[in-house]
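Biologist: Before we discuss any assignment, please show me the model and be ready to justify the terms applied to it.

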Amino acid sequence: MKTLVVANWKCNPVTLAEAKKLFSATKKAVAIKGVECVLCPPFIYLPVLKNASVKTSARIKLGGQDCFWEDKGAFTGEISAKQLKDVGCEYVLIGHSERKKYFDETDEFANRKIKSALKNGLRPVFCVGDTLEDRKTGNIPQVLSRQIEKGLKGIKGAAVGKIILGYEPVWAIGSGKACSASEAQTINLYIRKILTKLYSAKVARNIPVLYGGSVNSNNAGSYIFEAGMSGILVGGASLNPKELAKVVKGVS
Ligand code: PGA
């Protein structure tokens, strides 16, 4: 499998003109063999960027930053997985820690959203991670087990093969304090143990696990080549195409 680089623009940039410019620089930055790039821009830019990517046969795939679990209806402000699929998304981030922090999203929300993404043919990138408090109290294994078991509850069979896990320690996101590769390796193995318990060793081995949290061009390669992760989630660095190009080079 190709190394996966998921670029999350979060709530950036603020104009469509900037988004188009950034997209065109991003396309060049990620055009490296052996790497699959998924871009998650704000929802409103998706159709325009899809158009731009079709026109130039860019290798970037598109993903939503979140989705709602119902397909349609009276849910003001929500965007469904079905709608994301219709505008050309193939992936969707689910359970990002910023959704938990600012919108009180729970493990149960993540579970419903993952099920809806899978039903609608999207690959969910299911984000899990510990807080500084969890770390201080030695609770990382329990927290990750709870998040993964609740998030994947009731998901079985062929659908499991579409799931991607994202390990994103909350304290590392946007802080400039990335997790060390050796710790990421320990946690990668731990996540695989949880997945093996839920499914089987063979199924667990095939579920990609990504690292996210202050990834930059200095540390990106270590998560792939030292920690054994299947890819990375890049937030801040994905807004700077020159830095993103170095990140992508570092993992290829
Ligand atoms: P960051 O964000 O790279 O800016 O830390 C990562 C993420 O939120 O996925």
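Biologist: What makes the shell around the ligand divide by class as it does?

Modeller: In this predicted model, the residues around the ligand are Lys10, His96, Glu168, Ala172, Ile173, Gly174, Gly213, Ser214, Gly235 and Gly236. Ala and Ile count as nonpolar, Lys and Glu as charged, and Gly is placed among the polar residues. The shell therefore has two nonpolar, six polar and two charged residues.

Biologist: Why is the pair formed by Lys10 and the ligand called a polar contact?

Modeller: A polar side-chain atom of Lys10 lies 2.7 Å from an oxygen atom of the ligand. The cut-off for a pair of N or O atoms is 3.5 Å, so this pair qualifies as a polar contact.

Biologist: Which backbone atoms can be set against that cut-off?

Modeller: For Ser214, a backbone N or O atom lies 2.7 Å from a ligand oxygen atom. For Gly235, a polar backbone atom is 2.9 Å from an oxygen atom of the ligand. Both values are within 3.5 Å, and the two pairs are therefore polar contacts. As for the area of the ligand, it exposes 280 Å² when taken alone, and the protein buries 95% of that.

Biologist: Where does the ligand sit, and what must hold for that word to apply?

Modeller: The ligand sits in the second largest pocket. The word requires that more than half of its atoms lie within 2 Å of the grid points of the pocket.

Biologist: How much space lies in that pocket, and which residues are closest to its centre?

Modeller: The second largest pocket holds about 220 Å³ of space. It is lined by 17 residues, of which Gly174, Gly213, Ser214, Gly235 and Gly236 are the closest to its centre. By class, this lining has five nonpolar, 10 polar and two charged residues.

Biologist: What describes the largest pocket?

Modeller: Its space is about 440 Å³. Among its 18 lining residues, Phe43, Gln65, Asp66, Arg99 and Phe103 lie nearest the centre. Helix H4 (residues 97-103) gives the most to this lining, with four residues. The lining of the largest pocket divides into nine nonpolar, four polar and five charged residues.

Biologist: How do you know that the backbone departs from what is usual at some positions?

Modeller: Most residues other than glycine have a negative phi, and most peptide bonds are trans. Asn12 and Pro13 are joined by a cis peptide bond, with omega about -15°. Pro13 lies in the loop between strand E1 (3-8) and helix H1 (16-29). Asp104 has a positive phi, near 55°, and is placed in the loop between H4 and helix H5 (107-119).

Methods. Residues are numbered from 1 along each chain as its sequence is written. This is a predicted model: local features need pLDDT of at least 70, side-chain atom pairs count only at pLDDT 80 or more; totals for chains, interfaces and linings use all residues. Side-chain values use heavy atoms; hydrogens and water are left out. A residue is near a molecule or strand if one of its heavy atoms lies within 4 Å of it. A polar contact is a pair of N or O atoms within 3.5 Å; within protein, one must be able to donate a hydrogen and the other to accept it, and residues adjacent in sequence count only if both atoms are side-chain atoms. Accessible areas come from the Shrake-Rupley method with a 1.4 Å probe; for residues, only the protein chains shown count as cover. On a 1 Å grid over the protein atoms alone, a cavity is a set of points where a 1.4 Å probe fits but cannot get out, and a pocket is an open set with protein on both sides within 12 Å along at least five of seven lines; lining residues have an atom within 4 Å of a point. Grid points are joined across faces, edges and corners, and a volume is the space filled by probe spheres set on the points. Helices (H or I, at least four residues) and strands (E, at least two) are DSSP runs, numbered from the N terminus.
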